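Please open the model in a viewer and keep the sequence panel visible. The stops below proceed one selection at a time.

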Amino acid sequence: METRANYVLIGAFTLVVSIALLLFGLWAAKYSSERSWQRYMIVFDEAVTGLSVGSPVQYNGISVGSIEKLSLDPQDPRRVVAIIRADATTPVKSDTRAKMAITSLTGPSIIQLSGGTPGAPLLTAVDQRETPVIQTSPSALQNITDTASRIVERLDQVLSDDNVAHVARTLENIERISGSMASQDQGMEALLVSARDAARSLDVTLQNTNATVQRVDQNLVRELPGLIEKLDSTLARLDSAAGNADGILSENRAAINSFANEGLAQLGPTLTELRGLIRDLRQISDRLENNPSRYLLGRDAPKEYDPQ
């Protein structure tokens, strides 16, 4: 009995110790799991087609976690809320951005984290909530969709009913102009012939003008040295004449001053007497013209006898 009782106690003790060790292992695993992961919230303003719970989360191409939950925003169903679980050692900064990405043309959609400058603080230090929020940026697919939407809107504006009507009228006008030009082929042909002849005449005229200009240039270049020599000689003569005139003025300065002081003073009375003489001569001329015999003989001319 005592031996059997010892076996029961040993088995019970072993069982209790095993259960305690198992519970401690589970607690340690849970504690380690809670300490090695950090949850973040990401709110997308676009459709997240291709994402699902368990889809990977990458930071600059390196896998750092996965999506834990996807749901619609209760206040705005156009927005999608994603809860991700990332490695606690991942340096998610306050300026880190999240966006949808595709690993390959046929691969699944993932959440790609990017950005984060070295000087920026950690997001967990700035956002003290239990689940910090990572800001999003438009994905490449969203950019393509927005661009396609803008292109479609512009095409709708370009292809409006008014523009289509304008294009139709323009095509009709072009068709009428083409018909008019086709009916005036002869006139157009004559006009083209005249234009060709005028172009030929202009070409000949330009050739002649070019030859004339070349000859003028050659003659000018050939005669230019002689002209320059003559010009230098003429300038030298003018300079010599100016020197001679200056010398003459210097030599006769006294006579010129005397003439200016005395001769010009006598010139005034002389001109006055000359003016009186001219007036007397004019009076004599008038008298001779009017009655020369009375002026010369001192009496009137005798009357001629006129026999009856």
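**First stop: the end of helix 1**

Select S36 and display its surroundings: leaving aside neighbours within four places in sequence, S36 is in contact with A86, D87 and A88, where contact means heavy atoms within 4.5 Å. This is a predicted model, in which local features need pLDDT of at least 70 and side-chain atom pairs count only at pLDDT 80 or more, while totals for chains, interfaces and linings use all residues. Residues are numbered from 1 along each chain as its sequence is written, and side-chain values use heavy atoms, with hydrogens and water left out.

S36 belongs to helix 1, residues 2-36; helices (H or I, at least four residues) and strands (E, at least two) are DSSP runs, numbered from the N terminus. S36 is partly exposed, with a relative accessible area of 30%. On the scale used here, buried means under 20% relative accessible area, exposed over 50%, and partly exposed in between, with a 1.4 Å probe and protein chains only. Add R85 to the selection: S36 and R85 are 49 residues apart in sequence, and their C-alpha atoms are 9.9 Å apart in space.

Keep R85 and add W37. The charged end of R85 sits over the ring of W37, 4.3 Å from the ring centre; the criterion is NZ of Lys or CZ of Arg within 6 Å of the ring centre and within 35 degrees of the ring normal.

**Second stop: the whole chain**

Return to a cartoon view. The chain has seven helices and seven strands, and along the sequence they follow the pattern α-β-β-β-β-β-β-α-β-α-α-α-α-α. Of the 308 residues in the chain, 14% are buried. Among contacts with a separation of 6 or more, 61% are between residues 24 or more positions apart.

**Third stop: the barrel**

Colour the strands. In what order do the strands of the closed barrel run? The seven strands run 1-4-3-2-6-5-7, with mixed pairing; two strands pair if DSSP finds at least two bridges between them. The twist averages 35° from one strand to the next, with axes taken as lines fitted to C-alpha atoms (for helices over the stretch in contact) and angles running from 0 to 180 degrees between N-to-C directions.

Select strand 1 and strand 4, which pair in the antiparallel sense over eight bridges. In this pair, F44 stands opposite V80 in strand 4. Next add strand 7 (residues 133-136), which runs parallel to strand 1 and is joined to it by two bridges. Here M41 has V133 as its bridge partner, and I42 stands opposite I134.

**Fourth stop: the loop before strand 4**

Select R78, in the loop between strand 3 and strand 4. R78 is exposed, with a relative accessible area of 67%. Leaving aside neighbours within four places in sequence, R78 is in contact with F44, D45 and E46. R78 and F44 are 34 residues apart in sequence and 8.7 Å apart in space, C-alpha to C-alpha.

**Fifth stop: the hairpin at N60**

Select strand 2 (56-59) and strand 3 (62-72), with N60 in the loop between them. The two strands pair in the antiparallel sense over four bridges, and Q58 stands opposite S63 in strand 3. The hairpin has two residues between the strands, and N60 takes a positive phi near 55°. Is N60 buried or exposed? N60 counts as exposed, at 55% relative accessibility.

**Last stop: the nonpolar core**

Strand 2 is also joined to strand 6, which runs parallel to it, by three bridges; the partner of Y59 in strand 6 is L113. Select L113 and show its contacts: outside neighbours within four places in sequence, they include I42, V57, Y59, N60 and I134.

L113 is also among the residues with the most contacts inside the largest nonpolar core, together with I42, F44, I84, I111 and I134; this core has 20 residues. A nonpolar core is a set of buried Ala, Val, Leu, Ile, Met, Phe, Trp, Tyr and Cys residues joined through side-chain atoms within 4.5 Å. Strands 1 to 6 each supply at least two residues of this core, and its largest share, four residues, comes from strand 4.
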